[in-house]
Structures are given as C-alpha cells and as structure tokens.
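Dear colleague,

Please find below the structure that I am handing over to you. My findings follow it.

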Amino acid sequence: MKGKARKALVVGGGMAGLEAALKIGQAGHEVILVEKEANLGGTALLLSSTFPKWQDPLEKLNLKLEQLKKLPAVEVYTNTEISSCTPNGSGYSLTLRNNLTGEETGVEAQAAVLATGFDYFDARKYGEYGYGTYPGVMISIEFEEMLREWKKGLKREKAPGAVAFIKCVGSRDRIKGYPYCSKICCMYTARQAGMFKELFPQASCYVFYMDYRAAGKDYEEFVRSVMEEKEVRYVRGRPAKVLPYGGKLMVRSEDTLMGVPIEVEVDLVVLAAAAVPKKETLELAKSFAAATNQHGFLEPVDGFTAKAGTRVFFAGGCGFPTDSAGAQQQGAAAAAEVIALFNQD
Amino acid sequence: MSFQVGSIDRTFRDELEMACNVDLDQCWECGKCTGGCTTAHNMDYTPRKIIQLIRIGAVKTLMSCNTPWVCVSCRLCVDRCPAGIDIPRIMDYLREKSLAIKDHGPGVDDIILFHKLLLEEVYKRGRVSETALALKFNMQTGQYFKDAGLGQKLLRKGKISPFSSKVRDLNKVRSFFKQEPDRREV
C-alpha cells in the first residue's frame, strides 16, 4: 500500500492541530480538521501577545491559515464535534456533528491526532481569593481580553492603578488542586504583567510567585526584562487571602525572602489558574482508546513522543500545558508519526 | 548566629513527624500559612520558618522561640496549606516539649503561666471561671490592680460571678487529661 494517499483526522484547530494538519497535508495525505469553535486558532486567538518575543499571535496564525488554504486535501469542519467514534481495525469510523445545524457527517480516517487543548482550573475552589465573589478578581485568560482592548486603545480610562498577579492557583497544590506545575503560567504571567506596565507605566504591578520557572530559549531573559525594564515587582510568597478593602482589594501574603507578613492594596487581582485537562478530552481518549495519565492528560506509549494508542496521536495542551511554540513542535511531531505510520501501511 | 546544618540530628524531626502525622518534605516554603496567620506579626519565627527550623534540626531555637505560645490554633494555616500540613498540631507538640524549659523569651513566660492556670481550672472544675483565672493570673504576675475597674463593672452587670461553678460529671472532663496538669512554679 506504499505511496497510497490515506486520510487522517485532526481534532482541534489550535496551534498544535493546525501544524499537524498542515504537515500531514503537505506530505500528500488527506486530512479532516475538526474544530469545535467557529474559527480556527484555539487559545492563540485570545492572546494579546506572544513570548519571549512581543509579537501579535495572529501573525503566525494567519501564516498557517494561508498555508492551509493552499491544501485542498485538508477539509476543515468548524463548529463541529465528534459525536461517535468506532475503531475498525485499520482506523476509525466517525460521525461528525455540526453544532449549529445539527447536521451529521460520516467519515473514515486511518489515523487520528487529538489536539484538543486544555482548560482552566475552577478558581472558585480557592475561597480565600474570592474569585466569583469580588468583581476585581479574575483569571488570566479573562485579563487577556482586557489587555487586548487596552492595546487597541479602548476602555483605557477604566484601567486599574495597581494589579496583583497570583501564580500557582490550583497547581502545586496537593489539597485543593493538582500536584503538578502547569508550566506555562510563569511565562504568560510575566508577559501579562510586562504588557500591562508597557501600556500603563505609572501603574503598580506585583507578581506573587513561589518560584519563577523560565526554562526555555530566551525565557529567563524575558522574565528578567519584565522585572528590570518594565519594573514589575516580583514578591516571593503565595498569598493567603484577598479581601475587599474600601472599594479596593487587599492581598495578604508573606514575603518569604524577608520572612515577614505583607499587605498590598490593589484594584485588580489576576489569578494564574492551573491548566487542566478538558472533560471532552477524557471522553475522546476513551473512544479512541488513547492512554491518559492520572490527571487525564494524554500519555505517550511504546517509546513514541506523540502516540497514545494504536492509531491515535496527540499534540499540544491535551498532553500537558504547553506554550504555542511547544504546541507547534508537538503538532509537527504528531504529523511525522502519522506520516511514518501511513508509509508503513 | 549560624545553624550548623551539617550536623543535623533527625531524631527530633522524626519524632515530631510521627507524633503529628505530618511529612515536612512536602512543604513548598510558599508562605501561604504565614500570609494568612492571625498572629504571625507577634511571632519571632513565622510558621513557615518553624517548619524550616524543624527541617534543619534547630531544636534549641524551637524550644526557646515564642511562636508556639503566640499561635492561637485558629487553623487558617491548615485551611490554606497546599501540602495539607497540620501546623497547629506541630505547635501543640512544640508547646508540650518546651513546657519544661525555663528560659523563654520575654512575654512567653506569662503566656505559659496563663496556659497552666487555665488547664488547672479545667482540671479542678471542668470549666473555666474567668474571675478566678484573671485574679490568679494578675496576682502571680504582680499586676494587682489590673482589670479591677473592669471587673467591678462586669460584676454589676452580672457578666461574671465571684463564685466558681463545677460541671456535673467532673471525672469525664478529667479523663481528657493524661496526668494532673503541671503545677510547678513557673
């Protein structure tokens, strides 16, 4: 069967899924790209900037979408989810359902790449931070929307005079959250804090951290530049309480480097909620017989990097939280494994 | 002052971990216990530092610091701790261990005296009589006229009584005590 074009299913049109679909398509195979939302792009659509370079995430995204348009063998289904999946020995028989029209389409695919991304920890489980109770407390992806508006020059008069970022909300917590480090929060928090100070240099900005983890090319330099050039104040300590204080918010913490309890008055508190697996991913993993770890992230098998089962592969945040560069790399890796599999069929 | 970290004796820590059912290796040193602590501002070592002192085996410092005696066991730290470490239980353990020691910092001796007098009251009557406790404490600390004015006001309003009452089944309360409370002079 060597040389015969085969068909792959890619679930999720974020950075990982796009890269996988592109590479499989460019290798001469057919691709069905399924996206739940109305637009391709995933999390990158929501972000105000990239790191470690201050770029518009849409730049790279649009480049990918243009490349995708040149591949007629890649069929894109937006507003669509997988409603059923049956393994059939040499692949999967699937039913796709359009969420707007309710229309169902039956398709066959010889391999699948799951690239469904991640979700955010429900920060209401931390009663002490008052998320869902105090209007000034939000999670980082909600703050991202404000940043995008301010960047466009909108609603700037309502900008806060002081912002506190709290990291490790739901991650590195054995009791109320997850024991793992969700990896991306240190970097996106630095980016958000840096961008906020870039837009409003007169404002105060505090980042409460346990450790800051900047292991990546140019990452350390990026975080240092946020501290040194944007003058974001990093405070080592995990805040214990956010409380309303005369129309503002008071953050109580220990400065663990000084060893003393401290209080900071701010207008806005941004919680870096842990990245957690999506519920849908668990269901998909079950129907594709893909391996998952104890938390529900997809897990590689048989010494592969992106293979989670016989004909199922994965890339991006559904495997573990990753930045968009990592998602892209994993998308390419998953594509390589799919192409290698097809070549051996 | 420097702690001799190289010569750590783990005995104290092992015994404490066993008695308190805690694993101090799980501590992230994040300080969430201390940030929320209601009395940390009065402690010479904050709760996070206490954990670290136990880990480096600084027993002498642990025995003489005021922290366990300033802790009010409100349990906010346990509620917040991402590692679920039962810090008030550790404070209890440190209180028990340091009770026999004479030289505590200034202020701590009074707290220990109050601690002993209160337990004595509970042992004697099964409950605490505020009048008797306040009187005894003020007499033994040489503050003869402290609270005298307030006491009169409270007496007139019937908020406190000069007579001490007992619970019905004293033996039940006494069964909580392993032994008679320490009555040695502080």
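How far apart do the C-alpha centres of domain 1 of chain A and domain 2 of chain A lie? In this predicted model, the distance between these two centres is 31 Å. Domain 1 of chain A comprises residues 7-117 + 278-344, whereas domain 2 spans 121-275.

The contact between the two domains involves 11 residues of domain 1 of chain A and 17 residues of domain 2 of chain A. On the domain 1 side, the residues that touch domain 2 are five nonpolar, five polar and one charged.

I turn next to the nonpolar cores. The largest of them contains 103 residues. Those with the most contacts inside this core are A112(A), V113(A), L114(A), V269(A), L271(A) and F314(A). Helix α4 of chain A, residues 185-199, makes the greatest contribution, namely eight residues. Both domains of chain A take part, as domain 1 (7-117 + 278-344) and domain 2 (121-275) each provide at least three residues to this core.

As for L271(A), its contacts, leaving aside residues up to four places away in sequence, are A123(A), Y129(A), Y131(A), V137(A), I139(A), S140(A), I166(A) and V169(A). Another core, of 28 residues, lies apart from the largest one and includes C33(B), C37(B), L62(B) and I85(B).

Helix α4(A) also packs against a second helix. Its axis and that of helix α5 of chain A (residues 219-228) come within 9 Å and cross at roughly 35°. The crossing in which α4(A) passes α5(A) is left-handed. From α4(A), the residues M187(A), A190(A), A193(A) and G194(A) meet Y219(A), F222(A), V223(A) and V226(A) of α5(A). Sorted by class, this contact between α4(A) and α5(A) has seven nonpolar residues, one polar residue and no charged ones.

Finally, there is the interface between the chains. Here 20 residues of chain B are in contact with 17 residues of chain A. On the chain B side, α2 (32-36) and α3 (47-55) each supply at least two of the residues that touch chain A. The greatest share of that side comes from α2(B), with four residues. Seven nonpolar, eight polar and five charged residues make up the side of chain B that touches chain A.

With kind regards

Key:
Residues are numbered from 1 along each chain as its sequence is written. Chains are lettered from A and ligands numbered from 1 in the order in which they are written. This is a predicted model: local features need pLDDT of at least 70, side-chain atom pairs count only at pLDDT 80 or more; totals for chains, interfaces and linings use all residues. A nonpolar core is a set of buried Ala, Val, Leu, Ile, Met, Phe, Trp, Tyr and Cys residues joined through C-beta atoms within 7 Å. A residue is buried if 20 or more other C-beta atoms lie within 10 Å of its own, exposed if 12 or fewer, and partly exposed in between; C-beta atoms are placed from the backbone. Domain bounds come from an automatic or database domain assignment. Two residues are in contact if their C-beta atoms, placed from the backbone, lie within 7 Å. Ala, Val, Leu, Ile, Met, Phe, Trp, Tyr, Cys and Pro count as nonpolar, Asp, Glu, Lys and Arg as charged, and the others, Gly among them, as polar. Axes are lines fitted to C-alpha atoms, for helices over the stretch in contact, and angles run from 0 to 180 degrees between N-to-C directions. A crossing is left-handed if the near helix is turned anticlockwise from the far one by less than a right angle, and right-handed if clockwise.
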